[in-house]
Amino acid sequence: MELQGLTNCETLVMKTVWDAERELDLADITLRVNEAYDKEWKPQTVSTFLARLVKKGYLKNYRQGRVFYYQILVPQKEYLGKLAEGFLKFWKQENVDIFLAALEK
């Protein structure tokens, strides 16, 4: 599956979901993303980002009573692997040792 790229805002929301120890609802995600990244986003704003993440296939939502919860479909490790792969391809660094050495500095 080809992963679509994420905007900076989508990345903050997705990271918030990845960091959680359980599936979250909109209120939890809004609270956590605002606290973690010093934002003042309204639930409607976060809901927009969540809808984009669902459309891109990163999350799935389901309803439990009156509340929608969000379930991870793309694990963080898979996303980070695709990011690293794209980075290496862009910079034409076929030698991973060079890449890793650059990270140590």
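**Group meeting: three rings and a core**

Tyr58 and Tyr79 are both buried. I will start from that pair and work outwards. Please keep in mind that this is a predicted model.

The two tyrosines form an aromatic pair of the edge-to-face kind, with 5.8 Å from centre to centre and 75° between the planes. Tyr58 sits in the loop between helix 3 and strand 2 (59-64), while Tyr79 belongs to helix 4, so the pair ties together parts that are 21 residues apart in sequence. Tyr79 has a relative accessible area of 9%, and because the cut-off for buried is under 20%, it counts as buried.

Which other ring joins Tyr58 and Tyr79 in a cluster? It is Trp18; ring pairs link these three residues. In total, the count of aromatic pairs comes to four. One of them is Trp18 with Tyr79, a tilted pair at 5.4 Å centre to centre and 35° between the planes. This pair links distant parts of the chain, since Trp18 is in helix 1 and Tyr79 in helix 4 (residues 76-90), 61 residues apart. Trp18 is buried too, at 11% relative accessible area.

Now the surroundings of Tyr58. Leaving aside residues up to four places away in sequence, Tyr58 touches a list of residues that includes Leu3, Leu6, Met14, Leu53, Ile72, Val74 and Tyr79. Gln4 and Gln71 are also among them.

That brings me to the core. In soluble globular proteins, nonpolar side chains tend to be buried together. Here the largest nonpolar core has 21 residues, and Val13, Ile29 and Tyr58 have the most contacts inside it. Helix 1 (8-19), helix 2 (26-37) and helix 3 (43-55) are the elements that each give two or more residues to this core. Helix 1 gives the most, namely five.

Next, the whole chain. The protein has five helices and three strands, and from the N terminus the order is α-β-α-α-β-β-α-α. Its C-alpha atoms fill a box of roughly 50 × 30 × 20 Å along the principal axes. There are 105 residues, of which 28% count as buried. Of the contacts between residues at least 6 apart in sequence, 49% join residues at least 24 apart. The protein exposes about 7700 Å², and carbon and sulfur atoms supply 53% of that area.

One last residue, Asp38. Is Asp38 buried or exposed? Its relative accessibility is 71%, so Asp38 counts as exposed. Asp38 is in the loop between helix 2 and helix 3. Its phi is near 50°, a positive value in a residue other than glycine.

Definitions and conventions. Residues numbered from 1 in each chain as written. Predicted model: local features only at pLDDT ≥ 70, side-chain atom pairs only at ≥ 80, totals over all residues. Heavy atoms only, no water. Helix = DSSP H or I, 4+ residues; strand = E, 2+ residues; numbered from the N terminus. Buried < 20%, exposed > 50% of the residue type's maximum accessible area, 1.4 Å probe, protein only. Contact = heavy atoms within 4.5 Å. Areas by Shrake-Rupley, 256 points an atom, 1.4 Å probe, with all protein chains shown as cover. Core = buried A, V, L, I, M, F, W, Y, C linked by side-chain atoms within 4.5 Å. Phe/Tyr/Trp six-rings, centres within 6.5 Å; stacked < 30°, edge-to-face > 60°.
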